[in-house]
Amino acid sequence: MTIIEPKRRDVQHPQEIKKHSPSLRLWHWLNAIVITGSLLTVLLNSTLLKTKKNAVAIKANLAHSGITVTDGQARSVAHELSNKVWMIHTYFGYTLAALLLFRLLVEFFQLADQKFIRKLKSAYHQYQTTKKHRELAKHEFWIKTIYAVFYLMLITMALTGLCLAFEDDVPLLKSIHAFRQIHAFTMYLILAFIIVHVVGVLLAERKDSQGIVSDMINGGTDS
C-alpha cells in the first residue's frame with residue numbers, strides 16, 4: 001500500500017516540507033465537496049428515489065386516502081422527484097467543469113516550483129539520474145502519475161456530463177449513446193480513486209503523525 005501513501009517531503013528538496021498554495025488548497029476542498037455531492041445524488045436516485053419502486057408506493061398511499069391514479073400518473077410523479085435530484089446532479093456537474101477550468105488557470109499562474117507538470121517531470125528526472133533519495137523520487141513520480149490519471153478522469157466526467165446536459169438542444173449529442181456509458185464508467189473509476197486516496201492518506205497519517213491533511217489546510221510548514 002506504500003505506493004498510494006502521500007509524502008510530506010519535497011522531492012526536489014527532501015529536507016523541506018511540500019508547500020501548497022491557497023488557490024490549490026481551495027480547489028482541492030471545493031472539488032472534494034462537489035464530487036461528494038455529485039456521487040450522493042447518484043446514490044440517492046439509485047436507491048431511495050428509484051422511479052419504479054416509488055411509483056408503486058405513491059399509488060398505494062394515494063389509494064389509502066381514497067385517491068385513484070393510474071400507473072402512468074404515479075410513475076410520472078415518481079419520475080419528477082427523480083428528475084429534481086438529477087437537476088442538482090447537473091448543477092454539481094457545471095460546478096465541476098468550472099473548477100477544472102479554475103485548476104487549469106491555477107496551474108498556469110502557479111509558482112514554477114509548485115506547477116504539477118514540473119513536479120511530475122522533476123520526480124521522473126530525479127529517479128532516472130540520481131540514486132540519492134531515489135525511493136522518494138520514485139514514490140513521488142507514481143503518486144503524480146496517478147493524480148494525472150485522476151485529472152483525465154475528471155475532464156472525461158465533465159465533458160461527457162456536459163454532453164448529456166445539452167443533448168436535448170444538440171441532436172448530434174443525443175445520437176451518441178456512448179456518452180452515458182463513458183460517464184457512468186468514469187464515475188466508478190473516480191469513486192475507486194477516492195477510496196484509494198483516502199486510504200493512502202490515513203495510512204500516511206499513522207506514520208509519525210505526518211500531518212498531510214493539516215498541510216492541505218494550512219499550506220504546509222517547515223516543522
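A salt bridge here is a side-chain nitrogen of Lys or Arg sitting within 4 Å of a carboxyl oxygen of Asp or Glu. Run that rule over this predicted model and the count comes to five salt bridges.

First, the overall layout. The chain is built from eight helices and zero strands, so reading along the sequence simply gives α-α-α-α-α-α-α-α. Of its 223 residues, 36% count as buried. Among contacts between residues at least 6 apart in sequence, 73% join residues at least 24 apart. On the outside, the chain exposes about 14,000 Å², with carbon and sulfur atoms supplying 68% of that area.

Back to the charges, starting with helix 3. Glutamate 80 and lysine 84 pair up through their side chains, with an N to O distance of 3.8 Å. The two are four residues apart in helix 3, which means that about one helical turn separates them. Glutamate 80 has 42% relative accessibility and therefore counts as partly exposed.

Further along the sequence, arginine 103 forms a salt bridge with glutamate 107, and here the closest N and O atoms are 3.3 Å apart. Again the partners are four residues apart in helix 3, so about one helical turn lies between them. What about the burial of this pair? Arginine 103 has a relative accessible area of 7% and is buried. Glutamate 107, at 16% relative accessibility, counts as buried too, because the cut-off for that label is under 20%.

Another of the salt bridges links glutamate 167 to arginine 180, at 3.2 Å from N to O. Glutamate 167 lies in the loop between helix 5 (134-165) and helix 6 (171-175), while arginine 180 belongs to helix 7 (residues 178-205), so the pair ties together parts that are 13 residues apart in sequence. The two ends of this bridge fall into separate accessibility classes: glutamate 167 is buried, with a relative accessible area of 13%, whereas arginine 180 is partly exposed at 46%.

Some charges show up in a surface patch instead. Lys50, Lys52, Lys53 and Arg75 form a positive patch. Arginine 75 sits in helix 3, which covers residues 71-109. Its relative accessibility of 45% makes arginine 75 partly exposed. Why can a partly exposed residue such as arginine 75 be a patch member? Patch residues need over 30% relative accessible area and no salt bridge, and the 45% of arginine 75 therefore meets the area requirement.

Definitions and conventions: Residues numbered from 1 in each chain as written. Predicted model: local features only at pLDDT ≥ 70, side-chain atom pairs only at ≥ 80, totals over all residues. Heavy atoms only, no water. Patch = residues over 30% accessible without salt bridge, like charges linked within 9 Å, V, L, I, M, F, W, Y side chains within 5 Å. Areas by Shrake-Rupley, 256 points an atom, 1.4 Å probe, with all protein chains shown as cover. Lys, Arg positive; Asp, Glu negative; His and termini not counted. Charge placed at Lys NZ, Arg CZ, Asp CG, Glu CD. Buried < 20%, exposed > 50% of the residue type's maximum accessible area, 1.4 Å probe, protein only. Contact = heavy atoms within 4.5 Å.
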